[in-house]
Amino acid sequence: MKVYQAKKNPYRLPNYLYMRMVYVIRDYERMKNADGDIESDLRDAIGHSLNGYVSVNQLDNIAESISEKLISSGFIFFPNETEVEAVEKAMDKIPEFYREPIYNNIISGDRYPTGADERTFRRYKQKFIYYVAKYLNKR
């Protein structure tokens, strides 16, 4: 699925920024549902795999050291609340009829429904991506 923006466009962003905002939008659901508690998730996973052969203190230490390594290496990314808020604010700037089709198009490449011209959907999609960048102070 190709992702591009029109060349003659008042809401045009540099390509690297445009793609970055597309991936922020694609990651919106995960960011919204993330609780940011990797240690408890690791503790549960390690506890189930060891079947109780480790003390609780050792389990906490193992989970803490693994989570620190994953976070410091950049392998685990905790969402920034401003990214979630930026996507939600930008979504509010788009008329309600266009919100879900545009979001689904960005996420999975779904076709736009009938009811408006495809150019109108593309224009609002570009505005949506532009406003995400604006609310993240990238533009």
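**Reading the contacts of a predicted model**

A search of the whole structure finds two salt bridges. The model is predicted, so local features need pLDDT of at least 70 and side-chain atom pairs count only at pLDDT 80 or more, while totals for chains, interfaces and linings use all residues. Residues are numbered from 1 along each chain as its sequence is written, and side-chain values use heavy atoms, with hydrogens and water left out.

User: Happy to start there. Why is the contact of arginine 122 with glutamate 118 called a salt bridge?

Analyst: A salt bridge needs a side-chain nitrogen of Lys or Arg within 4 Å of a carboxyl oxygen of Asp or Glu. Arginine 122 and glutamate 118 meet at 3.9 Å, N to O, so the pair qualifies. The two residues are four apart in helix α7, about one helical turn. Helices here are DSSP runs of H or I with at least four residues, numbered from the N terminus.

User: What makes arginine 122 buried, exposed or partly exposed?

Analyst: Buried means under 20% relative accessible area, exposed over 50%, and partly exposed in between (1.4 Å probe, protein chains only). Arginine 122 has 42%, so it is partly exposed. Glutamate 118, at 43%, counts as partly exposed too.

User: And which residue forms a salt bridge with glutamate 29?

Analyst: That is lysine 32, with the closest N and O atoms 4.0 Å apart. Both residues lie in helix α2, three residues apart.

User: Nice. What makes tyrosine 28 and tyrosine 103 an aromatic pair, and is it stacked or edge-to-face?

Analyst: Rings of Phe, Tyr and Trp (its six-membered ring) pair if their centres lie within 6.5 Å; planes under 30 degrees apart count as stacked, over 60 as edge-to-face and the rest as tilted. Here the centres are 6.2 Å apart and the planes meet at 85°, so the pair is edge-to-face. Tyrosine 28 lies in α2 and tyrosine 103 in α6, so the pair ties together parts that are 75 residues apart in sequence. Tyrosine 28 is buried at 10% relative accessible area, and tyrosine 103 is buried at 14%.

User: How do you know whether tyrosine 112 and phenylalanine 121 are stacked or edge-to-face?

Analyst: Their planes differ by 5°, with 4.7 Å centre to centre, so they count as stacked. Both residues are buried. They also belong to one aromatic cluster with Phe97, Tyr98 and Tyr124.
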